[in-house]
Amino acid sequence: MKTTSIGRSAEAAVADYLKQNGFTILDKNWRTRWCEIDVIAKKDNAVYFIEVKYRASESQGSGFEYIGPNKLRQLTFASNFWTTQNNWNDDYRIIGAEVTGLNFENIELIEIN
């Protein structure tokens, strides 16, 4: 399986997980010329911008380790861009989603902003 299709499968697994936990998926692979967000979801009065990281096993290290200062700046810029473009003035959060396992079965979320 190619890296792009693995990433899309991990993003789809996260979107399914979020739906099962009461979130509404607003967009997947949202992109502009300047930025991108893997999954955008809403629950209650908050929008969640989710960066998805996949690892086949924990021996590769945590996916969260790959969300460093540069990626966080990019996510902050992208979330601000989206909120401005969509006139969103309520609460929003930036979340990291780590997906592990050959069948994308293990999903962990952490707030990263």
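**Chatting through a predicted fold**

Q: Which element gives the most to the lining of the largest pocket?
A: That would be H1, with 7 residues. Helices (H or I, at least four residues) and strands (E, at least two) are DSSP runs, numbered from the N terminus. A pocket here is an open set of points on a 1 Å grid over the protein atoms alone, where a 1.4 Å probe fits, with protein on both sides within 12 Å along at least five of seven lines; lining residues have an atom within 4 Å of a point.

Q: Before we go on, what sort of model is this?
A: It is a predicted model: local features need pLDDT of at least 70, side-chain atom pairs count only at pLDDT 80 or more, and totals for chains, interfaces and linings use all residues. Residues are numbered from 1 along each chain as its sequence is written, and side-chain values use heavy atoms, with hydrogens and water left out.

Q: What is the mean pLDDT of the chain?
A: The mean is 89, and 94% of the residues reach 70 or more; pLDDT is the predictor's confidence in each residue, from 0 to 100. Among the elements, strand E2 (residues 36-43) has the highest mean at 97, and strand E5 (residues 106-111) the lowest at 87.

Q: Back to the pocket: how much space lies in it?
A: About 320 Å³ for the largest pocket, where volume is the space filled by probe spheres set on the points, which are joined across faces, edges and corners.

Q: And which residues are closest to its centre?
A: Thr3, Gly7, Glu11, Val52 and Tyr54, out of 16 that line the largest pocket. H1, E1, E2 and E3 each supply at least two residues of that lining.

Q: Switching to the core, which residues touch the most other members?
A: In the largest nonpolar core, of 17 residues, they are Val14, Leu18, Ile50, Val52 and Val99. Such a core is a set of buried Ala, Val, Leu, Ile, Met, Phe, Trp, Tyr and Cys residues joined through side-chain atoms within 4.5 Å. Buried means under 20% relative accessible area, exposed over 50%, and partly exposed in between (1.4 Å probe, protein chains only).

Q: Which element gives the most to this core?
A: E3, with 5 residues.

Q: What does Val14 touch?
A: Ile50, Val52, Ala97, Val99 and Ile107, not counting residues up to four places away in sequence; contact means heavy atoms within 4.5 Å. There is also a second, separate core of 9 residues, including Ile37, Val47, Ala78 and Trp88.

Q: How many aromatic pairs are there?
A: The count is 7, taking rings of Phe, Tyr and Trp (its six-membered ring) with centres within 6.5 Å; planes under 30 degrees apart count as stacked, over 60 as edge-to-face and the rest as tilted. Trp34 and Phe81 make a tilted one, at 5.8 Å centre to centre and 40 degrees between the planes. Trp34 sits in the loop between strand E1 (24-31) and E2 and Phe81 in helix H2 (residues 69-85), so this pair ties together parts 47 residues apart in sequence.

Q: Is Trp34 buried or exposed?
A: Trp34 is exposed, with a relative accessible area of 55%, while Phe81 is partly exposed at 23%.

Q: What about Ser79, where does that lie?
A: Ser79 is in helix H2 and buried, at 0% relative accessibility. Leaving aside neighbours within four places in sequence, Ser79 is in contact with Ile37, Phe49, Tyr92 and Ile94.
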